[in-house]
Amino acid sequence: MKHLSGLVLLFLTMATAALADDVPPPWAYGFKEPPPPGTAQVPPGRPGVLSTDPQKYGLPGTDLTFTRAEIAPVFGPADYFPGEHPVPPSIVAHGKEPVVWSCARCHYFNGKGRPENAGIAGLPVDYFVEQMLAFRRGDRASSDPRKPNTPMMVEFAQGMTDAEIRDAAEYYGAMKWTPWIRVVESDRAPKTTISSGMYLPIPEGGDDPLGNRIVEVPEDPALAEIQRSPHSGFVAYVPVGSVKRGEELVTTGGGKTVSCATCHGADLKGGTLANVGGVPGLAGRSPSYLMRQMLDLKNGKRHGARTEPMKPVVASLTTDDMLVIAAYLASRVP
């Protein structure tokens, strides 16, 4: 009887673990709770109402100032530091009304982006183009149907010409990915609220148990949320010991997968593969974004010639494996 009870307990434990791996962890997608069963894919997001705040906001290192309505429009957002990057193509700076938002609205003029979207600076041009074409074909979706970013990108890619896609790819591909994320191992993380898919520390302060999550918040919430500063990065709170555990999986495969360096370069800053072309760098990228991509690959939400080789790589990884991999990769200096 004890033996039978043990088998039942083992079965239940395995079933619970399998269920947990089938449900995308909400923190990676900018939510506090998992999606209810049967949740339908949300439609693309739409521009919010612009602020009427008349105050002009500036940043250290520039004399340019903007109102909040000038900072955040989806067609032509503020550029605080135009001398820090090449002249952007029109699709990056202004988008294409009425559908295609300016690339810089979400990803910034420096391509750094935020945890709710993607850092696209330094991506290989051919890889960038292929991913935009995958969006256009409907070959990319989200494991959490509540997240609007992917359907937005599908809509944008379908509204862009091939030339506009390449213009954006070459603009961002000419930039290097530089440090933007600071990783902190901790048992606790700031108490947060969520704004458009991004975690923000609450004004009252305080903290919560971190548990088996990564909580990625701005170094300076006001600079990130109100002024959308391209100079103010993020801090990612990760579980204690996760960086070391992630290092083993990333560097050796840990018996579950292959070393990431096989394709992404010995320094994890990108590489080139025969018959595939440019492979993106992973070092120092947002752990929230990295987590989403591994989950989406494993769950069959991403397709295309450049992503097919990744599917067997993530096939045997658990959600916990992916978390520690993301923590380690984010901690590396790009």
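**Buried charges, ring pairs and a central question of strands**

Colleague: Is R306 buried or exposed, and what is its relative accessible area?
Modeller: Buried means under 20% relative accessible area, exposed means over 50%, and partly exposed covers what is in between, with a 1.4 Å probe and protein chains only. By that rule R306 is buried, its relative accessible area being 19%.

Colleague: What kind of model is this, and which pLDDT must side-chain atom pairs have to count?
Modeller: Residues are numbered from 1 along each chain as its sequence is written, and side-chain values use heavy atoms, with hydrogens and water left out. The model is predicted: totals for chains, interfaces and linings use all residues, local features need pLDDT of at least 70, and side-chain atom pairs count only at pLDDT 80 or more.

Colleague: Which residue forms a salt bridge with R306?
Modeller: A salt bridge here is a side-chain nitrogen of Lys or Arg within 4 Å of a carboxyl oxygen of Asp or Glu. For R306 the closest N and O atoms of such a pair are 3.3 Å apart, and the partner is D126.

Colleague: How many residues apart in the chain are R306 and D126?
Modeller: Helices (H or I, at least four residues) and strands (E, at least two) are DSSP runs, numbered from the N terminus. R306 lies in the loop between helix 11 and helix 12 (311-314), and D126 in helix 5 (residues 125-137). D126 is partly exposed, with a relative accessible area of 31%. The pair links distant parts of the chain, and the separation is 180 residues.

Colleague: Which residue forms a salt bridge with E164, and how many residues apart in sequence are the parts that the pair ties together?
Modeller: The partner is K96, the closest N and O atoms being 2.9 Å apart. At 18% relative accessibility E164 is buried, whereas K96 is partly exposed at 28%. E164 lies in helix 7 (residues 162-173) and K96 in the loop between helix 3 and helix 4, so the parts tied together are apart in sequence by 68 residues.

Colleague: Which residue of helix 9 (residues 242-252) pairs with D320?
Modeller: D320 is in helix 13 (residues 319-331), and its partner is 75 residues away along the chain. The two side chains meet in a salt bridge of 3.2 Å, N to O. D320 is partly exposed, with a relative accessible area of 26%. The partner in helix 9 is R245.

Colleague: D296 is buried and has no salt bridge, so which residue has the nearest side chain of opposite charge, and which side chain makes a polar contact with D296?
Modeller: D296 sits in helix 11 (residues 287-298). Lys and Arg count as positive and Asp and Glu as negative, while His and the chain ends are not counted; the nearest side chain of opposite charge is R140, 5.8 Å away. A polar contact is a pair of N or O atoms within 3.5 Å; within protein, one must be able to donate a hydrogen and the other to accept it, and residues adjacent in sequence count only if both atoms are side-chain atoms. At 2.7 Å, the side chain in polar contact with D296 is that of S143.

Colleague: What is the angle between the planes of W101 and F156?
Modeller: Rings of Phe, Tyr and Trp (its six-membered ring) pair if their centres lie within 6.5 Å; planes under 30 degrees apart count as stacked, over 60 as edge-to-face and the rest as tilted. The structure holds 5 aromatic pairs. W101 and F156, both buried, are 5.7 Å apart centre to centre and form a tilted pair, with an angle of 40°.

Colleague: Which class of aromatic pair do Y171 and Y172 form?
Modeller: Both residues are buried. Their centres are 4.9 Å apart and their planes are at 75°, and the pair is edge-to-face.

Colleague: How many residues of strand 7 (residues 234-238) are buried?
Modeller: F234, A236 and V238 point one way from strand 7, and V235 and Y237 point the other way. The strand is largely enclosed by the rest of the structure, because the buried residues number 5 of the 5.

Colleague: Which strand pairs with strand 7 in the parallel sense, and which runs antiparallel to it?
Modeller: Two strands pair if DSSP finds at least two bridges between them. The parallel partner, joined over 5 bridges, is strand 1 (residues 181-185), where V184 stands opposite Y237. On the antiparallel side E216 stands opposite A236, and P218 has F234 as its bridge partner. With 4 bridges, the antiparallel partner is strand 6.
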